[in-house]
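Student: Could you take me through one part of this structure up close? I would like to see how its pieces pack together, step by step.

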Amino acid sequence: MDYRLIKAALIDMDGTLYDSMPNHARAWKRVMDTVGVDATEDEFFLYEGQTGAKTIDLMIRRAFGRPATDQEKHDLYAMKAKFFVEQPPVEVMPGAIELVKLLRNHGIDTVLVTGSGQNSLLSRLDSDFPGAFPPEKRITSASVTHGKPHPEPYLKGLALAGVCPEEAIVIDNAPLGTASGHAAGIYTIGVVTGPVPRAELEGNGADIVYNSMAECAETLSRLL
């Protein structure tokens, strides 16, 4: 990868910019307990990046052998959002602010590409990362027909940035996210920030994997 060519960084939100995945996993587990679906908290780390509707459909199919209805998708996602905000506020991921500042200081455009549509975190971006992810530079669950691991989210991120795949990098902490970036033909950086092992990222399209956002920022500061 020639880092001198980079014009845009397409960056995931949950588990990458914010240490939010434990809260998401607990909220999802609570929803599934409510509707009688057997699940573990850890499995939701593997579903990170796909839309909430896709996660609900997956769980309903597994438990009841049928697709989730549109009403179930709406109601259960609203319940999940409620359970999420009832928990203590999440912190910015260590190293994330430094990484975003580094990229912008090198003239690299930053675009948010998240499978989430949850306003409790989206509304914090302007204060936590000033100027980095304005609304017109965000791909969310509302922006796509197919969530990660489909390439559509990162392809739309490229379009927002106005660059070709060779001029961008992806930064994502989830296997579905690295698979999406890889499928879009973009150099994809995986970052281990939770219980998902690096082998899962390596096996799902990550071109390189760092053990933390801080390590990613430190290394890119040298490469750039």
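**A close look at helix packing and two loop residues**

Tutor: Start with two helices. From α1, the residues W28, M32 and V35 meet G52, T55, I56, M59 and F64 of α3. Sort those residues by class and you get 6 nonpolar, 2 polar and no charged. Keep in mind that this is a predicted model.

Now look at the geometry. Helix α1 covers residues 21-35, and helix α3 covers residues 52-64. Their axes come within 12 Å and cross at roughly 40°. Angles under 35 degrees count as roughly parallel, and 65 to 115 as roughly perpendicular. The α1 and α3 pair is therefore oblique. The crossing of α1 and α3 is right-handed.

Stay with α1 for a moment, and bring in a loop. Q87 sits in the loop between α4 (70-85) and α5. Its side chain reaches the backbone oxygen of N23 at 2.8 Å. N23 falls within the 21-35 stretch of α1. Set aside the neighbours within four places in sequence, and Q87 is in contact with N23, R26 and A27. Is Q87 buried or exposed? Its relative accessible area is 16%, and the cut-off for buried is under 20%, so Q87 is buried.

That loop leads on to α5. Helix α5 (residues 96-105) has its own partner, helix α11 (residues 213-223). The two axes come within 8 Å and cross at roughly 25°. An angle under 35 degrees counts as roughly parallel, so α5 and α11 are roughly parallel to each other. Their crossing is left-handed. On the α5 side, the contact uses A96, L99 and L102. On the α11 side, it uses M213, C216, A217, L220 and S221. By class, this contact has 7 nonpolar, 1 polar and no charged residues.

Finish with a charged residue, K148. Find K148 in the loop between β3 (138-139) and α8 (152-161). Its relative accessibility is 1%, so K148 counts as buried. What do the side chains of K148 and D12 share? They are joined by a polar contact of 3.1 Å. A second polar contact, of 3.0 Å, joins the side chains of K148 and D172. Leaving aside neighbours within four places in sequence, K148 has further contacts, including G49, Q50, V113, T114 and G115. P153, Y154, L176, G177 and S180 are also among them. Y18 makes a useful distance check: K148 and Y18 are 130 residues apart in sequence and 18 Å apart in space, C-alpha to C-alpha.

Terms used. Residues numbered from 1 in each chain as written. Predicted model: local features only at pLDDT ≥ 70, side-chain atom pairs only at ≥ 80, totals over all residues. Heavy atoms only, no water. Axes fitted to C-alpha atoms, helices over the stretch in contact; angles between N-to-C directions. Helix = DSSP H or I, 4+ residues; strand = E, 2+ residues; numbered from the N terminus. Parallel < 35°, antiparallel > 145°, perpendicular 65-115°, else oblique. Left-handed = near helix turned anticlockwise from the far one by under 90°. Contact = heavy atoms within 4.5 Å. Nonpolar A, V, L, I, M, F, W, Y, C, P; charged D, E, K, R; others polar. Buried < 20%, exposed > 50% of the residue type's maximum accessible area, 1.4 Å probe, protein only. Polar contact = N/O pair within 3.5 Å; in protein donor to acceptor, adjacent residues only side chain to side chain.
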